[in-house]
Structure formats: C-alpha cells, structure tokens
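Reader: I would like a close look at one part of this model, with the surroundings brought in where they help. Please take your time over the answer.

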Amino acid sequence: MAAGVEQQGRRSFWLKHLHQWHWVSSALCLIGMLLFAITGITLNNARLVEAKPTTVTKEATLPEGLRGALSVGQGPVPAGIVDWFAAEMGVDLSAGVPEWSDDELYIALPRPGGDGWATIAREDGAVLHEVTDRGWVSYLNDLHKGRGTGTVWSWFLDIFAVACLIFCITGLFLLHLHAGKRPSTWPLVGLGLVAPMLLLILLIH
C-alpha cells in the first residue's frame with residue numbers, strides 16, 4: 001500500500017512539473033511556431049507565391065573631403081563615410097560587407113525580403129545605392145531562414161529552438177505518463193517517425 005502511494009506521489013510530482021514546463025514552453029513557442037509553420041508552406045510552394053520586386057536607386061557624390069579615406073583600400077568602411085551615408089542617404093553601412101577593388105568600394109547590404117548594395121567610385125566619389133524589396137512574403141521567408149537578419153534575430157532563433165526542444169521533450173514524457181490509458185499513443189508516435197523515414201528512403205534520391 002505504501003509503495004503504491006509513493007509511486008502515485010512520484011507520478012503526481014512529474015505530471016505537475018512536466019505540465020508546467022510544457023505549457024510555459026508552448027506559450028513561448030506559440031507565435032514563433034505559427035510563423036515557421038506558415039513560412040514553411042510558403043517556402044515549399046514558392047512557385048505559387050509570386051513576388052513582385054521593386055527597386056529604388058539613388059545616386060550622389062561623396063564630398064571631396066571624404067574621398068581621401070578611400071585610399072585605405074582595405075578593411076571596414078571608413079567611419080566618416082558611414083556617417084555621411086547615414087546623414088545624406090539614410091543608409092546604415094556599419095553592418096555592410098565591404099569589398100575593395102582598384103576602381104571602387106562595394107558594400108553588400110543584405111536584408112530580409114530583398115537585397116541592397118552601395119558602390120563608391122574611388123576616382124571621383126560617385127555613389128550608387130540600390131535597394132530591392134520583394135514583398136512581405138519574402139520578408140517572412142527570410143526570417144524563417146535567418147537571411148540578412150543580423151545577430152539579435154540569430155539569438156532569438158537559438159532561444160526559440162531551445163524552447164521548442166523543451167516543448168517536445170516534456171510532451172514526450174507526458175505521452176509516456178498517459179500512454180497506459182491511451183493505447184493509440186505509441187502507434188501514433190511510431191507513425192510520426194516511420195512516415196518521413198519511408199518518404200526519404202523510397203521517394204527521395
């Protein structure tokens with residue numbers, strides 16, 4: 001009798017704590033999982049979601065006082081040029097990827113939902129900046145892939161992934177605790193494992 005009571009107490013303890021971790025992790029994951037489920041569909045059916053990109057191009061000339069900074073020919077974009085772009089063109093070059101050549105400085109400016117870049121001619125300071133916007137579907141798809149989203153979003157993806165792991169693992173233990181009264185539990189779990197494996201083995205080469 002005492003052993004049964006002790007076993008029931010352990011079961012109640014684990015049920016309580018697993019349910020708590022499960023619902024907290026599900027609350028943290030809810031919006032993210034909806035986003036990733038929806039964008040999983042749009043990515044998998046990209047041919048059906050037509051993108052209508054728009055491109056905006058700006059031209060300018062770098063002031064003579066800043067052209068001397070272009071003689072460096074390597075490394076990050078000089079601070080004075082970064083400040084000028086921010087003030088005159090509303091463009092942040094600080095996160096850009098510079099590529100120096102004999103003729104120009106090219107700065108790649110990747111962004112979710114589109115692309116961007118800027119060039120500065122080293123001889124006469126001619127500036128060209130172009131931004132392409134492919135729409136909100138492409139924006140959400142790039143969030144899914146982490147493309148051009150920066151460090152903070154990368155951290156979010158890692159934290160979100162950990163929360164999803166907690167949600168799945170606690171769900172697995174809850175399935176184990178309730179499986180005795182639900183005979184279909186493990187066959188359904190097995191189906192979730194076997195179905196994708198069969199698709200990979202039989203249909204994907």
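How many residues does helix H5 have, and what distance does helix H5 reach from its first C-alpha to its last? Please start there, and then go on to the charged pairs and the surface patches.

Author: This is a predicted model, and what follows should be read with that in mind. Helix H5 covers residues 150–178, which makes 29 residues, and its first and last C-alpha atoms are 42 Å apart, close to the 42 Å expected at 1.5 Å a residue. The buried residues along H5 are Trp153, Phe160, Ala163, Cys164, Thr170, Gly171, Leu174 and Leu177.

Ahead of this helix comes a loop between H4 and H5 that holds Arg147, and because its partner Asp115 lies in strand E4, the pair ties together parts that are 32 residues apart in sequence. The contact in question is a salt bridge, in which the closest N and O atoms of Arg147 and Asp115 are 2.4 Å apart. Arg147 is partly exposed, since its relative accessible area is 27%, and Asp115 also counts as partly exposed, at 26% relative accessibility.

Asp115 has a further salt bridge, with Arg134, and here the closest N and O atoms are 2.8 Å apart. This pair, too, links distant parts of the chain, for Asp115 belongs to strand E4 (residues 114–121) while Arg134 sits in the loop between strand E5 (126–133) and helix H4 (136–145), 19 residues apart. With a relative accessible area of 31%, Arg134 is partly exposed.

Within helix H4, Lys145 and Asp142 are three residues apart, about one turn of the helix, and their side chains meet in a salt bridge with an N to O distance of 3.6 Å. Asp142 counts as buried because its relative accessibility is 6%, a value under the 20% cut-off. Through salt bridges that share partners, Asp115, Arg134, Asp142, Lys145 and Arg147 are joined into one network, and the structure as a whole holds four salt bridges.

Two C-alpha separations help to place these parts in the fold. Thr42, in helix H1 (residues 2–44), is buried, with a relative accessible area of 17%, and its C-alpha atom is separated by 8.9 Å from that of Ser138, although the two residues are 96 apart along the chain. Thr57, by contrast, lies in strand E1 (residues 54–61) and counts as partly exposed at 41% relative accessibility; between the C-alpha atoms of Thr57 and Ile169, which are 112 residues apart along the chain, the separation is 50 Å.

Turning to the surface, Asp102, Asp103, Glu104, Glu123 and Asp124 form a negative patch. One of these residues, Asp102, is found in the loop between strand E2 (97–100) and strand E3 (104–108), and it counts as exposed because its relative accessibility is 74%, which is over the 50% cut-off.

There is also a nonpolar patch on the surface, formed by Leu193, Val194, Met197, Leu198, Leu199, Leu200, Ile201, Leu202, Leu203 and Ile204, which together have about 1000 Å² of accessible area. Leu199, one of its members, is found in helix H6 (residues 185–203) and, at 47% relative accessibility, counts as partly exposed.

Key: Residues are numbered from 1 along each chain as its sequence is written. This is a predicted model: local features need pLDDT of at least 70, side-chain atom pairs count only at pLDDT 80 or more; totals for chains, interfaces and linings use all residues. Side-chain values use heavy atoms; hydrogens and water are left out. Patches are made of residues with over 30% relative accessible area and no salt bridge: like charges are joined within 9 Å, nonpolar side chains (Val, Leu, Ile, Met, Phe, Trp, Tyr) within 5 Å. Accessible areas come from the Shrake-Rupley method with a 1.4 Å probe; for residues, only the protein chains shown count as cover. Lys and Arg count as positive and Asp and Glu as negative; His and the chain ends are not counted. The place of a charge is taken as NZ of Lys, CZ of Arg, CG of Asp or CD of Glu. Helices (H or I, at least four residues) and strands (E, at least two) are DSSP runs, numbered from the N terminus. Buried means under 20% relative accessible area, exposed over 50%, partly exposed in between (1.4 Å probe, protein chains only). The expected span of a helix is 1.5 Å times one less than its number of residues.
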